[in-house]
Amino acid sequence: MDLAFVESPVQLLNVLEWAHAPALAAIPAQPGPGTARTAAGRTGDLTVVVLSPTDPMSRGQLRRMAELARDEGVTVRWQEARGGADAVVRTVRALGPVLRRAERIVIGDPFSRYVQLLLALVGTRRLTVVDDGTATMEFVAQLTRGERLVRWHRRGRRGPRELLLAPVSAAARRRLTPSRCRAVELFTAMPVEEVPDGITVTPNRFRWTRSRFGPPLLTRGADLVGTSLVETGVVDLDRYLDAVASLAGEHGATRYFAHRRERADKLHRLAAATGLEIVRPDLPLELIARRGPVGRTVLSFPSTVVHTLPLALAGTGVTVAVCDIAPEWLKDTASPRAQGFLAGVTGTARHVRRLSAPV
């Protein structure tokens, strides 16, 4: 049995893509046990455990993605995993039987403390990591360098919680490192240049998304994709609002697809300042865009979609354009790695049009 843990709609989408991908065509740096797999029968032998988040937008999108997964023959188990230490203990106890039966573990966020805890409890010989956005690029880089796993937008200082969980994080990192008795696969749409020896890289081409949805009807205007860089403390709010207004005016954008983590008060300000129609998608943007209607141009700041939308919308005539983040937009409290990481996200994107940051 394959057992997947997901905490976001994008993770669940990419688990579905993995389950429908063809047999490994990959870049195996070193053969490991159990690397071969076939497309047939993976959905019927797959159980997805949704470690439900608390924010309503994520929960709503996950509910919709769970419906799609069940339609594909996947067993989906909804787990109310948040709410303090008691919830964690209940979740671990409830998942004990399926953890013991799992032949492969599939995860979407190796930085998640919850997932790290679960990984520390299993001894499975096969592990697959699917995308949870651009963080995959940082995960591969940190694993290659032998560093501890830290999200790119976090500052370097370690608080009491991080110190307490350090043994769990270290154990999970060992689980994520391939060895003679453990095969590790990375299923990704992100560009990965340096990969640790022994990890098999399988490209995600969004074949399932393209086979199930679209092609979309194209509108004459442009659509703009929102980002949570303000919410994560990286970009200044006023600078962001000015940049959105400038882009919308220059390219004739009429709709703004909000990121599920964007705050309501920020979106109200944005709508009042720009006149954009705010759209709260009920599914990941790759599916929304593929279903349509969608603008002939999709504008984005550095984010996952500059890598995934060109794949999902291949052959539709949609142009994806990415706008750089100017250094002066960054907050003083932003991580020192922020500018370099965001530039890397933009610079490695393929099949997109590059736009300079608005002055």
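Welcome to a quick tour that starts in the second largest pocket, whose lining residues divide into 12 nonpolar, 5 polar and 3 charged. Please keep in mind that this is a predicted model. After the pocket come two helix pairs, H1 with H2 and H3 with H4.

**The second largest pocket**
- The space in this pocket amounts to about 450 Å³.
- Its lining is made up of 20 residues, and Ala189, Met190, Pro191, Arg205 and Arg350 are the ones nearest the centre.
- Strand E7 (199-203) and helix H11 (305-312) are the elements that each give two or more residues to that lining.

**Helices H1 and H2**
- Helix H1 (residues 9-20) and helix H2 (residues 56-71) cross at roughly 15°, and their axes come within 8 Å.
- Angles under 35 degrees count as roughly parallel, so H1 is roughly parallel to H2.
- The crossing of H1 with H2 is left-handed.
- On the H1 side you will find Pro9, Leu12, Leu13 and Leu16, which meet Ser58, Gln61, Leu62, Met65, Ala66 and Ala69 of H2.
- This contact of H1 with H2 has 8 nonpolar and 2 polar residues, with no charged ones.

**Helices H3 and H4**
- Helix H3 (residues 85-101) packs with helix H4 (residues 113-120) at an angle of about 45°, their axes lying 11 Å apart.
- That angle makes H3 oblique to H4.
- H3 and H4 have a right-handed crossing.
- H3 brings Ala87, Val88, Thr91, Val92, Leu95 and Leu99 to the contact, while H4 brings Tyr114, Leu117 and Leu118.
- Of the residues in the contact of H3 with H4, 8 are nonpolar, 1 is polar and none is charged.

Definitions and conventions. Residues numbered from 1 in each chain as written. Predicted model: local features only at pLDDT ≥ 70, side-chain atom pairs only at ≥ 80, totals over all residues. Heavy atoms only, no water. 1 Å grid on protein atoms, 1.4 Å probe; cavity = no way out; pocket = protein on both sides within 12 Å on 5 of 7 lines; lining within 4 Å. Points joined across faces, edges and corners; volume = space filled by probe spheres on them. Helix = DSSP H or I, 4+ residues; strand = E, 2+ residues; numbered from the N terminus. Nonpolar A, V, L, I, M, F, W, Y, C, P; charged D, E, K, R; others polar. Axes fitted to C-alpha atoms, helices over the stretch in contact; angles between N-to-C directions. Parallel < 35°, antiparallel > 145°, perpendicular 65-115°, else oblique. Left-handed = near helix turned anticlockwise from the far one by under 90°. Contact = heavy atoms within 4.5 Å.
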